[in-house]
Structures are given as structure tokens and as C-alpha cells.
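This report describes selected helix packings, sheets and a ligand site. The sequence and structure are shown first, and the description follows.

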Amino acid sequence: ISGANKRRHSSDSEPEPEGESSCSEEEKKEEKQEIEKPSASNVSSAGKPEEGTKKPMVSQQAAPAVSSKPSCKPAVFVPVDRSPEIQEARLKLPILAEEQVIMEAINENPIVVICGETGSGKTTQVPQFLYEAGYTSSNGIIGITEPRRVAAVSMSQRVAKEMNLSHRVVSYQIRYEGNVTDETQIKFMTDGVLLKEVQKDFLLLKYKVVIIDEAHERSMYTDILIGLLSRIVPLREKKGLPLKLIIMSATLRVEDFTENTRLFAVTPPVLQVDARQFPVTVHFNKKTPLDDYSGECFRKVCKIHRMLPSGGILVFLTGQAEVHSLCRRLRKAFPFQKNSTAGDDDDRKESVEEMRKFKKSRRRKKAATLPQINLDNYAVVPVDEGDEDRDAETDDDIAGSDVDLDLGDGDSEEEEKSDSSLPLYVLPLYSLLAPEKQAKVFRPPPPGTRLCVVATNVAETSLTIPGIKYVVDCGKVKKRFYDKITGVSSFRVTWISQASANQRAGRAGRTEPGHCYRLYSSAVFMDFEKFSAPEITKRPVEDLILQMKALNIEKVINFPFPTPPPAEALAAAEELLIALGALKEPPMTGRLKEQQAAKLSCPISPLGRVMATFPVAPRYAKMLALSRQHDCLPYTITIVSAMTVRELFEEFDRPAASEEETVKLKGKKGRLVQMQRIWAGQGSLQKLGDLMVMLGAVGACEYSGCTPKFCEENGLRYKAMLEIRRLRGQLTTAVNSVCTDAGLYVDPKMKPPTEAQATYLRQIVLAGLGDHLARRVQAEELLDDKWKNAYKNALLDDPVFIHPSSVLFKQLPEFVVYQEIVETTKLYMKGVSAVEPEWIPVLLPPYCHFGKPLENPPPSYCPETGRIRCHRPSVFYRVSWQLPAVEVD
Ligand code: CDP
Ligand code: MG
């Protein structure tokens with residue numbers, strides 16, 4: 001133990017990377033103080049108290065707010081050479097009429113909010129106004145953040161085209177991709193990209209203007225950026241290098257930004273752009289909603305196409321797979337030769353491409369084979385960025401009737417065959433679609449065809465597709481959910497909010513009166529939430545807290561969140577990050593209250609800095625951070641990818657339609673079980689349990705060339721295998737950009753790990769999933785039968801069991817870590833790996849209680865009672881564990 005502690009200490013005393021920054025220590029301190037001040041009233045550049053200056057909403061006129069320094073207004077006018085067609089199209093946009101009002105407000109105020117209906121021209125035009133007004137003519141560029149990758153790419157292309165400028169000047173940057181150059185003057189990026197830039201340059205000195213677009217989506221990174229910028233803007237002002245902040249929203253619901261006195265000391269002016277919206281007639285389904293909403297979408301589109309006058313159709317579905325499947329069905333029903341091959345094989349082609357890129361570099365030599373991983377062996381280097389697709393939330397008023405109208409018999413189940421002579425021009429649209437393919441939706445459809453775009457939520461507010469007259473809304477959206485028990489997040493399909501439904505309907509009324517077909521009844525609509533809650537209030541925040549700590553924001557609780565996350569979520573996140581070693585533990589002195597405060601403002605550790613650079617959840621990031629030893633990285637990357645994808649194996653337990661099928665399914669299941677046993681390997685490999693099965697399955701699949709045939713024969717899900725391959729590529733890029741000397745590449749055909757490597761991998765997994773540790777209930781602890789073969793873990797009072805599908809189901813190791821708990825007939829652990837007891841005190845000292853109790857036991861937060869407990873929720877601490885469990889020196 002003392003050895004382990006010593007190692008931890010030495011890591012703590014390593015020089016912190018912030019020392020490398022070009023900023024002086026004093027400046028850093030000042031920045032930090034500004035951020036951690038509890039209220040923005042203290043940092044108002046005007047020095048005015050916030051009360052009294054608070055205004056409701058200013059429409060179309062700028063409030064004479066903070067500063068009207070002449071220096072704020074650039075003197076030059078930069079001409080733009082637009083084509084006559086572009087100019088003509090621009091002049092039709094409602095925002096053009098407001099150019100002068102908008103620019104005056106921006107010149108006069110450091111912070112301006114612009115609200116305008118989707119399609120009014122905010123995203124494409126405001127950057128052009130600023131460019132023409134000379135905001136980029138001296139040092140400094142215009143930055144625009146989007147919550148979605150698809151918008152960042154497509155908008156940069158559109159603006160470049162409108163301005164007749166090259167992509168070297170109007171550029172974009174998304175997670176691993178971009179075309180930014182030294183000449184870039186207008187830069188579109190995801191909000192995650194800008195957040196990572198704040199880590200490198202807190203004052204964002206390279207920007208003259210920052211535009212936060214789609215603020216109504218309330219994506220977590222957007223919210224954090226607005227909080228950060230509320231402090232950065234006054235700091236820049238103080239330095240005499242003013243920064244303009246423009247917040248753009250599709251709805252008028254902006255009080256969380258404008259009337260939040262923690263955020264802005266002076267209420268920023270709100271400019272409203274009135275967009276022309278034609279009436280949209282809303283038709284609800286009579287029947288209660290169907291599970292097969294995709295099939296219902298198909299039938300509805302067929303009917304619209306056959307029976308209703310010309311006009312584009314926009315279908316809202318929830319995910320990429322559904323989008324492709326509906327596109328395929330529609331193309332089959334209404335053949336149109338030019339696009340019949342488009343799209344379907346894209347993903348496969350792209351992931352193969354990605355893999356090829358990593359084949360260049362060399363492999364590192366194998367290291368010594370010590371049986372213990374070194375906790376301090378991680379690279380201390382800065383920064384990469386992360387972003388992900390978002391879900392939208394919006395508010396809009398739709399003209400139209402709220403009556404049950406239908407296109408006829410909504411229940412017909414028969415497969416449609418086209419009797420329409422007009423071909424249907426079917427296009428998919430989702431976030432990860434290649435940019436060239438996305439761009440197709442903006443072009444007019446080939447003459448004599450009807451446009452039909454099948455989209456995910458991206459079409460709700462991020463992109464305006466021209467010519468849409470009919471909207472088919474399945475009423476669902478795919479959202480990330482947080483599992484309170486297991487701490488694992490997953491995507492689930494749920495109902496949208498009323499605001500989203502109205503926003504979707506509004507897409508039909510851009511150019512003429514339209515129709516929206518909702519595949520749910522009006523009663524169901526009435527049960528929808530009015531608005532979806534901001535992402536930050538629904539999500540686990542440990543990754544966010546880690547990112548903020550990496551920005552040296554220690555007192556997270558004082559951060560000016562537009563809507564703060566629940567206090568217990570913050571406390572739980574901090575607790576987990578301390579346990580993972582990402583934060584430095586506070587000294588446990590003083591009174592309980594002080595201890596509590598200290599606990600909620602821990603600084604980041606060197607390990608935490610490394611973890612913050614990986615685009616995965618902190619538990620997995622810790623595994624990656626520890627894996628740069630004994631050549632474990634490729635394996636950890638694969639395990640983390642496989643754990644993220646989940647559902648690697650086909651499900652054969654489903655009810656069969658015939659006896660013949662039952663036999664077939666049984667045979668397939670037998671084959672899969674047999675293969676899993678082979679993939680689990682022998683000896684030390686076998687102890688890695690289900691994670692070794694994942695590794696083995698991926699390895700075997702790649703070795704066979706990752707063909708659909710191999711997957712089909714061996715019970716693997718082909719889609720999942722492709723996804724794992726893509727993620728392995730992405731994570732390898734991330735690791736390479738962190739450890740620039742690693743020269744790592746993923747050989748899709750990796751060799752199995754050696755016995756020693758498997759042992760290290762088990763330790764690495766334990767170090768990351770420490771709070772998912774469970775211990776088998778010993779014979780003498782058996783209270784009753786329900787505890788037979790049961791495990792106990794610190795998060796739950798009920799017994800948990802190894803899932804029957806686990807390769808460790810029969811072996812029942814004394815200690816295991818699990819990936820997640822699923823509840824069916826019992827609470828089952830999935831993704832189980834065996835752990836040696838003697839590793840626990842070395843790798844997870846925060847979870848251990850050593851012999852005699854500590855004199856000052858560290859406090860911990862109890863989410864149930866909201867109180868602070870004087871001990872950690874330790875696996876060894878709980879009475880029910882009947883310890884002493886393991887004796888180690
Ligand atoms: O941001 P906001 O929703 O206010 O509007 P916008 O995205 O700036 O779009 C303004 C107009 O440009 C819309 O009518 C779009 O259809 C059009 N547009 C386009 O034709 N091609 C693009 N690639 C992007 C936008
Ligand atoms: Mg926009």
C-alpha cells in the first residue's frame with residue numbers, strides 16, 4: 001500500500017501543464033477568479049448593479065447597454081462580390097431587412113441576442129454582415145459554433161459560396177476534420193471545438209466575434225460556452241481587446257440567457273427577426289401511436305405522393321439506420337434510376353477508408369513483463385476536442401387546425417406499389433452523412449420529380465430545406481439517457497416535446513401553405529412535455545466537470561450555468577472523478593462544511609488532464625490513459641469501442657414462428673455459445689471474461705475480413721462490427737494526437753493479447769470501472785436463498801448476479817467488475833471481468849478501508865438524503881459485506 005501511495009504522490013507533484021502556457025501566472029489567476037465569482041454583477045464592465053437594468057425584451061432595437069466606445073466599430077467596409085442569383089436569393093431573406101438594426105446593436109453592445117424563425121437567414125447572413133462591416137479586417141476572425149457537425153460543414157460551404165470566397169477563407173472545423181487555414185476569416189465549428197480552444201487560449205484572442213448559433217437547442221457545450229463567454233467578454237474589454245458575443249436562437253425563449261443575473265450583469269438587447277410563415281394545417285393520426293412508426297411513415301409518404309399536389313416531402317425519423325431503411329423502401333416503390341444506388345453502402349466504405357489511414361505508422365516495441373501496471377504511466381499532454389450529435393428543442397407557433405384529418409384509410413398494411421407517374425427523388429439527411437451528400441438536399445430536385453427528404457432531427461432547426469410543403473412527423477427522437485444505477489448512458493427513442501413538434505410542422509410553411517402529418521393522436525400530443533429540458537440537467541456531468549476542471553474552473557458550483565445541473569449530479573460527478581484520480585483530493589481538515597466545500601472544488605490532477613483529452617466518458621478515459629504500457633493501447637481501444645457499441649451478438653432467444661425456426665435458432669445459439677467460449681481464450685485471457693470475448697470476437701471478425709457472411713455464421717451483428725471498426729479508428733486518431741510519439745495504428749487484424757497483457761488489461765479495466773466492483777456473497781453471509789450465487793456491490797442493496805450469457809456465469813470469481821447492470825427477472829451484471837483481490841487496494845485505494853479506520857475519514861455525499869456522510873461508499877466499508885475481506889500489507 002505504501003508503495004502505491006508513494007507512486008500516487010509522485011504523480012501529484014509532477015509539473016502541471018498550465019505552466020507551459022504563454023499566459024503569465026497573474027493573468028491565469030485573474031481569469032480564474034473571474035470565472036469563479038459567484039455573480040456576474042461583480043464583473044460588469046459598466047460596474048452597474050444588475051437590478052433595475054433588467055429589461056424584458058427589446059424588439060428590433062438595441063438597448064443602450066454597456067459600452068458605446070467608438071473603437072468597437074470597425075471603420076472599413078469590405079466589399080463582397082456575390083453572383084446576381086445569390087444576391088437575389090439573399091434579398092428575399094427576412095434578416096436582410098434588419099441588417100442595419102443588427103449591425104448597430106452589435107457595434108454598440110458587447111453582447112447581442114438575435115431571435116429568428118428557422119430559415120430567416122441568421123446562420124448564413126450574420127457572419128456576412130460582420131465580414132462586410134470590417135470585423136475581420138484587422139487581426140481576429142469570426143467564429144460561429146453549431147451544436148451539430150452537419151450544420152457546421154454545410155453552413156461554411158454555403159457561406160463560402162454566397163460570398164464567392166474560397167474554403168481557405170470561409171472554413172469549418174469539426175471533431176477530426178476541417179479545412180481551416182491561416183487565411184481563414186470566418187470559421188464554422190462545433191461547440192465542442194470552441195470549448196477545447198478555450199482550454200488552450202482562455203481569452204479566445206484569435207476571435208473578434210464569437211457567434212453561438214442554435215442556442216435554443218441548449219446543448220451542453222453551448223450552455224457552457226455561454227457561461228464562459230459571459231466572463232471572457234468583460235475580461236477582453238478590460239484588456240482593451242473587445243470581443244463581440246452574438247447569441248442566435250430560433251425561438252423567443254431566451255430568458256435563461258437574458259434574465260439570468262448570474263450570467264450577464266446587463267441584460268443584452270434581444271433583436272427579433274420576423275420571418276414570413278405560411279399557415280400549416282396539422283393532421284393528427286386517429287389511432288393510438290404505432291410501434292412501427294417507420295412503416296407508418298412509408299404509407300403516409302406513398303399516399304401524399306400519389307394523391308396530393310406537387311411540393312417536397314420531409315419525413316422526420318430518429319436515426320441513421322431508420323433513415324436508410326425508409327429511403328430504400330421508398331426508392332423501391334417509386335423507382336428513380338439516378339439516385340437508386342445512393343447512400344446505402346456509405347458507412348462501410350467510409351470506415352474502410354478510415355482504417356486504411358492508420359496502416360502507415362510503425363509498431364512500438366514490447367516492454368518488460370512486470371505483473372503490475374504502473375499507475376503513473378500516462379502521457380501528460382494537451383488537448384483534443386470532442387463533439388457529438390445533438391437533439392433539438394424549440395418553440396414555435398404554427399397556424400393550422402388541430403383536427404383529425406387523414407389522407408384516407410390510415411390503417412392499410414399492404415405494401416404500396418406506385419401508381420404515380422411522377423418519380424420520387426428520395427434523399428437521406430443525418431448528421432454523419434458525407435457533406436457532398438448533405439448538400440444535395442439544398443439543390444432543386446431533377447425536373448419532373450418530387451423531392452422527399454428522410455431526415456433525423458437535424459432538419460428540425462439546423463438546416464432549412466427549400467421547397468418543403470408536406471411534413472411527416474413520427475413524433476419521436478433519439479436521445480441519450482443516463483442510467484442511474486449503472487452510470488452508463490445509452491441512446492433511446494422517446495416522444496418529442498410540443499415545441500419540437502411545432503417546429504417540425506413549421507418546416508412545411510416556408511414558401512407556401514403546407515401540411516403536417518403527425519403519426520400520433522392529438523391526445524398523445526397533449527401529453528408531450530412543453531419543452532425538453534436543457535441537456536445539462538438530464539445528463540451525467542462527470543465528463544463535463546472534467547472538461548471544466550481542465551479549464552482550471554475548480555469551483556464548478558459557482559459557474560454561471562444558464563441552467564445549472566442538479567447539485568447532487570455535480571457532487572456525484574466530483575466524487576467519481578476523485579475516485580478515478582482525475583481530481584486531486586482535498587485535505588481532510590476543518591469542519592464538515594469546509595470539507596464539503598473543499599470536496600466540491602478539487603483541482604484537476606495530471607492524470608485528469610490526460611483523461612480530459614479523450615473523447616470518451618471518464619471511466620473509459622482512465623482506461624485509455626493507463627494503457628500506454630505493455631502495448632495495451634490497441635486492446636483497450638478495442639474494448640472501449642466494443643463496450644460503447646454494445647449488442648455485439650445476435651439475439652437468438654426470440655420467439656420463433658415455426659418449429660423449424662426454433663431448431664434453427666437453437667442451432668445458431670449453440671454455435672454462438674461455442675464461439676464465445678473459444679473467443680474467451682484460456683488461462684489469464686479467460687479471466688478477462690466477457691471483455692476478452694469482445695476482443696476475441698472483434699479479432700476473429702477482422703481476421704476474416706469482417707464480412708457479413710462471417711458475422712451471420714458466427715452470431716455477430718455486422719453493423720456493430722463496422723461501428724466498432726469506425727470507433728477504433730476514431731479513438732486511435734485521438735490517442736495519436738495526444739501521444740504524438742506513440743505512432744499507434746490499429747491493425748484491424750490484431751493478434752490476441754499475451755497472457756501477461758491480459759493480466760494488465762484486467763488491471764486497467766479495474767482501474768477504470770472501480771465503482772462497478774462486486775464481490776460474491778460468501779457462504780457464511782448467505783441470508784436466504786435469494787442470495788445464492790449473488791454478488792454485492794456498493795451501489796445497490798439488492799443482490800446482483802452474473803448474467804447467464806457471460807462466460808464467467810459458471811465460474812463465479814470472488815471479485816468482478818462489470819460494465820453495466822440490466823434488470824430483467826433479477827439484477828444482472830453484463831460485461832463481467834474477474835479481478836484479483838490483491839489488486840484492489842493498489843489500484844483503487846479510494847474505495848478501500850485499510851484495517852483500522854482512518855482518523856479523519858473523508859466525507860462523501862449521500863445522494864439519497866442530500867447529506868454528507870463521514871465515509872465513502874466503500875465496498876469494504878459496508879456492514880453487509882461482512883469483512884475483513886482481503887488482507888494485504
Ligand atoms: O439560420 P437560419 O435558420 O435563420 O437560416 P439559414 O440557415 O441562414 O438559411 C437561410 C436560407 O438559406 C434558407 O432559405 C435556406 O434554405 C438557404 N440555404 C441554402 O439554400 N443552402 C444551404 N446550404 C444553406 C441554406
Ligand atoms: Mg441557423
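In this predicted model, helix H22 (residues 633-645) and helix H27 (residues 718-738) pack at an angle of about 130°, and their axes are 9 Å apart. Since angles over 145 degrees would count as roughly antiparallel and those from 65 to 115 as roughly perpendicular, H22 is therefore oblique to H27. The crossing in which H22 passes H27 is right-handed. On the H22 side the contact is made by Leu633, Ile637, Thr638, Val640, Ser641, Ala642, Thr644 and Val645, and these meet Ala720, Glu723, Ile724, Leu727, Arg728, Leu731, Thr732 and Val735 of H27. By class, the residues of this contact of H22 with H27 divide into 10 nonpolar, 4 polar and 2 charged.

A second helix pair is formed by helix H5 (residues 122-132) and helix H6 (residues 149-163), whose axes come within 10 Å and cross at roughly 50°. H5 and H6 are therefore oblique to each other, and H5 passes H6 in a right-handed crossing. From H5 the contact draws on Thr123, Thr124, Pro127 and Gln128, while H6 contributes Met155, Arg158, Val159, Glu162 and Met163. The residues of the contact of H5 with H6 comprise 4 nonpolar, 3 polar and 2 charged.

The two helix pairs can be set side by side.

| Helix pair | Crossing angle | Axes | Contact residues by class |
|---|---|---|---|
| H22 and H27 | about 130° | 9 Å apart | 10 nonpolar, 4 polar, 2 charged |
| H5 and H6 | roughly 50° | within 10 Å | 4 nonpolar, 3 polar, 2 charged |

H5 and H6 also belong to the surroundings of ligand 1. Fifteen residues make up this shell, and the closest are Lys122, Thr123, Thr124, Arg158 and Phe442. The elements that give two or more residues to the shell are H5 and H6, and H5 gives the most, with 4 residues. By class, the shell around ligand 1 holds 3 nonpolar, 10 polar and 2 charged residues. Thr123 and Thr124 of H5, together with Arg158 of H6, take part in the contact between these two helices and are also among the residues closest to ligand 1.

Two sheets remain to be described. Strands of a sheet pair through backbone hydrogen bonds, either parallel or antiparallel. One open sheet is formed by 8 strands in the order E4-E3-E5-E2-E6-E7-E1-E8, with mixed pairing. Strand E4 (177-178) and strand E8 (270-273) stand at its edges, each with a single partner strand, so one side of each is left without a neighbour in the sheet. Within this sheet, strand E2 (residues 141-146) and strand E6 (residues 207-212) run parallel and are joined by 5 bridges; the bridge partner of Thr145 is Ile212 in E6. H6 packs on the sheet, touching E2, strand E3 (170-174) and strand E5 (186-190), and its direction makes about 175° with that of E3. Helix H8 (residues 220-238) lies across strand E1 (111-116), E2, E6 and strand E7 (244-249), and runs at about 145° to E6.

The other open sheet has 3 strands in the order E20-E23-E22, and its pairing is likewise mixed. Strand E20 (801-802) and strand E22 (820-823) stand at the edges with a single partner strand each, so one side of each is left without a neighbour in the sheet. E22 is joined by 4 bridges to strand E23 (residues 827-830), and the two run antiparallel. In this pairing, Ile821 stands opposite Met829 in E23.

Terms used
Residues are numbered from 1 along each chain as its sequence is written. Chains are lettered from A and ligands numbered from 1 in the order in which they are written. This is a predicted model: local features need pLDDT of at least 70, side-chain atom pairs count only at pLDDT 80 or more; totals for chains, interfaces and linings use all residues. Axes are lines fitted to C-alpha atoms, for helices over the stretch in contact, and angles run from 0 to 180 degrees between N-to-C directions. Angles under 35 degrees count as roughly parallel, over 145 as roughly antiparallel, 65 to 115 as roughly perpendicular and the rest as oblique. A crossing is left-handed if the near helix is turned anticlockwise from the far one by less than a right angle, and right-handed if clockwise. Two residues are in contact if their C-beta atoms, placed from the backbone, lie within 7 Å. Ala, Val, Leu, Ile, Met, Phe, Trp, Tyr, Cys and Pro count as nonpolar, Asp, Glu, Lys and Arg as charged, and the others, Gly among them, as polar. Two strands pair if DSSP finds at least two bridges between them. A residue is near a molecule or strand if its C-beta atom, placed from the backbone, lies within 6 Å of it.
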